[in-house]
Amino acid sequence: MDILELLLIAVGLSMDAFAVSVCKGLSVQRLRPRHYLLTGAWFGGFQALMPFIGFLLGSTFDQYINAFDHWIAFVLLALIGGNMVKESLGRDEECHDDSFDLRTMFLLAVATSIDALAVGVTFALLPDVHIAAAVSLIGGTTFLLSAAGLRVGNVFGLRYKARAELAGGVILILIGVKILLEHLGILAF
């Protein structure tokens with residue numbers, strides 16, 4: 001997997017955290033530097049941790065699923081991406097929690113990074129993924145986009161929340177399709 005694909009996956013996975021950050025930014029009257037650091041650290045940290053855990057789990061079971069690993073990768077990415085697209089088309093825009101306390105941020109970080117766990121399993125099934133580079137890129141990208149989302153929400157409101165989730169979902173679905181087509185021999189990159 002090349003750096004562009006990893007970056008696209010990182011951006012796609014970051015969109016949930018970006019959308020939640022937009023809501024956080026909308027609900028906070030005055031943003032302080034610690035808000036950016038907290039948001040970026042929580043979301044970026046969990047987005048890096050979850051694919052690593054998924055990679056460890058996937059590596060453990062790799063020998064049992066080698067014959068159909070490309071189908072698993074495709075299905076996981078398509079489901080995650082499809083769910084993000086569905087959420088982007090919904091009109092659930094509750095954004096009124098301005099708390100940055102430990103419990104709130106932990107729950108939000110876990111909720112926005114569950115899909116990264118499944119992507120980590122997918123990484124274990126692919127032969128050319130350097131996991132340290134992947135989790136670093138995912139964590140760093142999420143850190144930056146979460147901090148940016150906080151600012152976007154504070155300045156622009158909800159205008160970009162749904163678009164970000166839609167774009168992230170489409171990116172993940174397309175990468176899943178690419179993985180499947182490559183393993184079936186239809187595409188050669």
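Q: Which hand does the crossing of H2 and H4 have?

A: The hand of a crossing tells which way the near helix is turned relative to the far one. In this predicted model, H2 and H4 cross in the right-handed sense.

Q: At roughly what angle do the axes of helix H2 and helix H4 cross, and within what distance do they come?

A: Helix H2 covers residues 33-65 and helix H4 covers residues 102-125. Their axes come within 6 Å, and the crossing angle is roughly 35°. The residues of this contact comprise 22 nonpolar, eight polar and two charged.

Q: How many helices and strands are there in the chain?

A: The chain has six helices and zero strands. Read from the N terminus, the order of elements is α-α-α-α-α-α.

Q: What radius of gyration does the chain have, set against that of a compact globule?

A: The idea is to compare the value for the chain with what a compact globule of 189 residues would give. That reference is near 16 Å, and the chain has 17 Å, so the two agree. The C-alpha trace spans about 55 × 30 × 25 Å along its principal axes.

Q: What share of the residues of the chain count as buried?

A: Burial is read from relative accessible area, with the cut-off at under 20%. Of the 189 residues, 47% count as buried. The accessible surface of the chain is about 9400 Å², and carbon and sulfur atoms account for 68% of that area.

Q: Among contacts between residues at least 6 apart in sequence, what percentage join residues at least 24 apart?

A: For this chain the figure is 93%.

Q: Where is Ser-21 placed, and is Ser-21 buried or exposed?

A: Ser-21 lies in helix H1, which runs over residues 3-27. Its relative accessible area is 0%, so Ser-21 counts as buried.

Q: Which residues does Ser-21 touch, leaving aside those up to four places away in sequence?

A: The partners of Ser-21 are Thr-39, Phe-43, Ser-146, Gly-149 and Leu-150. As for Val-119, that residue is 98 residues from Ser-21 along the chain, and the two C-alpha atoms are separated by 21 Å.

Q: In which helix is Lys-24 found, and does Lys-24 count as buried or exposed?

A: Lys-24 also belongs to helix H1. A charged residue is read by the same cut-off, under 20% for buried. Lys-24 has 2% relative accessibility and therefore counts as buried.

Q: What distance separates the C-alpha atoms of Lys-24 and Arg-151?

A: Separation along the chain and separation in space are read as two values. Lys-24 and Arg-151 are 127 residues apart along the chain, while their C-alpha atoms are separated by 9.1 Å.

Notes:
Residues numbered from 1 in each chain as written. Predicted model: local features only at pLDDT ≥ 70, side-chain atom pairs only at ≥ 80, totals over all residues. Heavy atoms only, no water. Helix = DSSP H or I, 4+ residues; strand = E, 2+ residues; numbered from the N terminus. Buried < 20%, exposed > 50% of the residue type's maximum accessible area, 1.4 Å probe, protein only. Contact = heavy atoms within 4.5 Å. Axes fitted to C-alpha atoms, helices over the stretch in contact; angles between N-to-C directions. Nonpolar A, V, L, I, M, F, W, Y, C, P; charged D, E, K, R; others polar. Rg over C-alpha atoms; globule rule 2.2 N^0.38 Å. Areas by Shrake-Rupley, 256 points an atom, 1.4 Å probe, with all protein chains shown as cover.
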